[in-house]
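Good morning, colleagues. Please have the sequence and the structure open in front of you while I speak.

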Amino acid sequence: MSYANHLQLARKLAQNGMDGSSAGAVLVKGDEVIAKSHDCRRQQNNPIASAEMECIRLAGRRTDQSELTLISTEYPDLLTAGTVLQFSIGALVIGRAESSSPAIDLLKAKGVPITFYPDNE
């Protein structure tokens with residue numbers, strides 16, 4: 001499945017943030033957008049209101065988390081990685097070139113499928 005359109009939406013959402021390094025995220029089930037957000041940490045003065053965390057929060061309690069894919073313009077942090085694992089989010093798409101980080105390494109070790117889409121794709 002191609003997530004190019006959803007990643008384009010996430011990139012557009014990232015522009016709503018208060019600084020140039022803002023992230024955007026979209027949570028989808030197949031082609032259906034379940035939730036979408038941008039980084040709200042500065043607007044809400046909330047250190048955990050990243051785009052990814054807000055997206056998961058806005059989706060609410062669900063029983064189909066393993067069927068969801070979290071699409072983000074940025075690499076996940078450890079808080080996001082832990083939340084993806086806690087709620088059994090099925091897959092992660094990152095709008096960046098492939099890289100390694102403690103969060104990515106943890107998700108890979110736990111079997112979460114991760115797809116990278118660099119900006120030029």
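Which residue does arginine 96 meet in a salt bridge through its side chain? The partner is glutamate 74, with N and O 2.8 Å apart. I should say at once that this is a predicted model. The pair links distant parts of the chain, 22 residues apart: arginine 96 lies in the loop between β4 and α5, and glutamate 74 in the loop between β3 and α4. Both ends have some access to solvent probe: arginine 96 is partly exposed at 29% relative accessibility, and glutamate 74 is partly exposed as well, with a relative accessible area of 22%.

Let me place those loops in the fold. Five strands form an open sheet, in the order β2-β1-β3-β4-β5, and the pairing is mixed. At the edges stand β2, residues 32-38, and β5, residues 114-116; each has a single partner strand, so one side of each is left without a neighbour in the sheet. From one strand to the next the twist averages 15 degrees.

I turn now to the part of the sheet around β4. Strands β3 and β4 run parallel and are joined by 4 bridges, with threonine 69 standing opposite alanine 91 in β4. Together, β3, α4 and β4 make a right-handed β-α-β unit. On the other side of the loop with arginine 96, the chain crosses from β4 through α5 to β5, and this crossover is right-handed too. Strands β4 and β5 run parallel, and 3 bridges join them. In that pairing, valine 93 stands opposite threonine 115 in β5, and isoleucine 94 stands opposite phenylalanine 116.

Two helices that pack on the sheet deserve a word. Helix α5, residues 102-109, touches β4 and β5, and its direction makes about 135 degrees with that of β5. Helix α3, residues 51-59, touches β1, β2 and β3, and its direction makes about 135 degrees with that of β2.

How many of the 9 residues of α3 are buried? The number is 7, so the helix is largely enclosed by the rest of the structure. The buried residues are Ala51, Glu52, Met53, Glu54, Cys55, Ile56 and Ala59, and what covers them includes β1, β2, α2, β3 and α4. After the helix comes glycine 60, whose phi is positive, near 75 degrees.

That brings me to the interior. The largest nonpolar core has 22 residues, and those with the most contacts inside it are Leu27, Leu70, Leu107 and Ile114. At least two residues of this core come from each of β1, β2, α3, α4, β4, α5 and β5. The largest share, 4 residues, is supplied by α3. Apart from this core lies another, of 9 residues, among them Leu7, Ala10, Val26 and Ile71.

Leucine 107 shows how the first of these cores is joined. Neighbours within four places in sequence left aside, leucine 107 is in contact with Pro76, Ala81, Val84, Leu85, Leu92, Val112 and Ile114. One of these contacts, Leu92, belongs to β4, where Leu92 and Ile94 point one way and Ala91 and Val93 the other, and all are buried.

What does tyrosine 3 touch, beyond its neighbours within four places in sequence? The contacts are Val28, Thr69, Ile71, Val93 and Tyr117. Tyrosine 3 is found in the segment before α1 and is buried, with a relative accessible area of 13%. Its C-alpha atom is separated by 9.7 Å from that of glycine 95, although the two residues are 92 apart along the chain.

I close with the remaining charged pairs on my list. A search of the whole structure finds 7 salt bridges. In one of them, lysine 29 pairs with aspartate 64, the closest N and O atoms being 2.9 Å apart. Lysine 29 lies in strand β1 and aspartate 64 in the loop between α3 and β3, so the pair ties together parts that are 35 residues apart in sequence. Aspartate 64 also meets arginine 62 in a salt bridge, at 2.8 Å from N to O. Of these three, aspartate 64 is buried, with a relative accessible area of 11%, whereas lysine 29 is partly exposed at 29% and arginine 62 is partly exposed at 26%. Salt bridges that share partners join Lys29, Arg62, Asp64 and Glu67 into one network.

Key. Residues are numbered from 1 along each chain as its sequence is written. This is a predicted model: local features need pLDDT of at least 70, side-chain atom pairs count only at pLDDT 80 or more; totals for chains, interfaces and linings use all residues. Side-chain values use heavy atoms; hydrogens and water are left out. Two strands pair if DSSP finds at least two bridges between them. Axes are lines fitted to C-alpha atoms, for helices over the stretch in contact, and angles run from 0 to 180 degrees between N-to-C directions. Contact means heavy atoms within 4.5 Å. A nonpolar core is a set of buried Ala, Val, Leu, Ile, Met, Phe, Trp, Tyr and Cys residues joined through side-chain atoms within 4.5 Å. Buried means under 20% relative accessible area, exposed over 50%, partly exposed in between (1.4 Å probe, protein chains only). A crossover is right-handed if, with the strands pointing away from the viewer, the path from the first strand over the helix to the second runs clockwise. A salt bridge is a side-chain nitrogen of Lys or Arg within 4 Å of a carboxyl oxygen of Asp or Glu.
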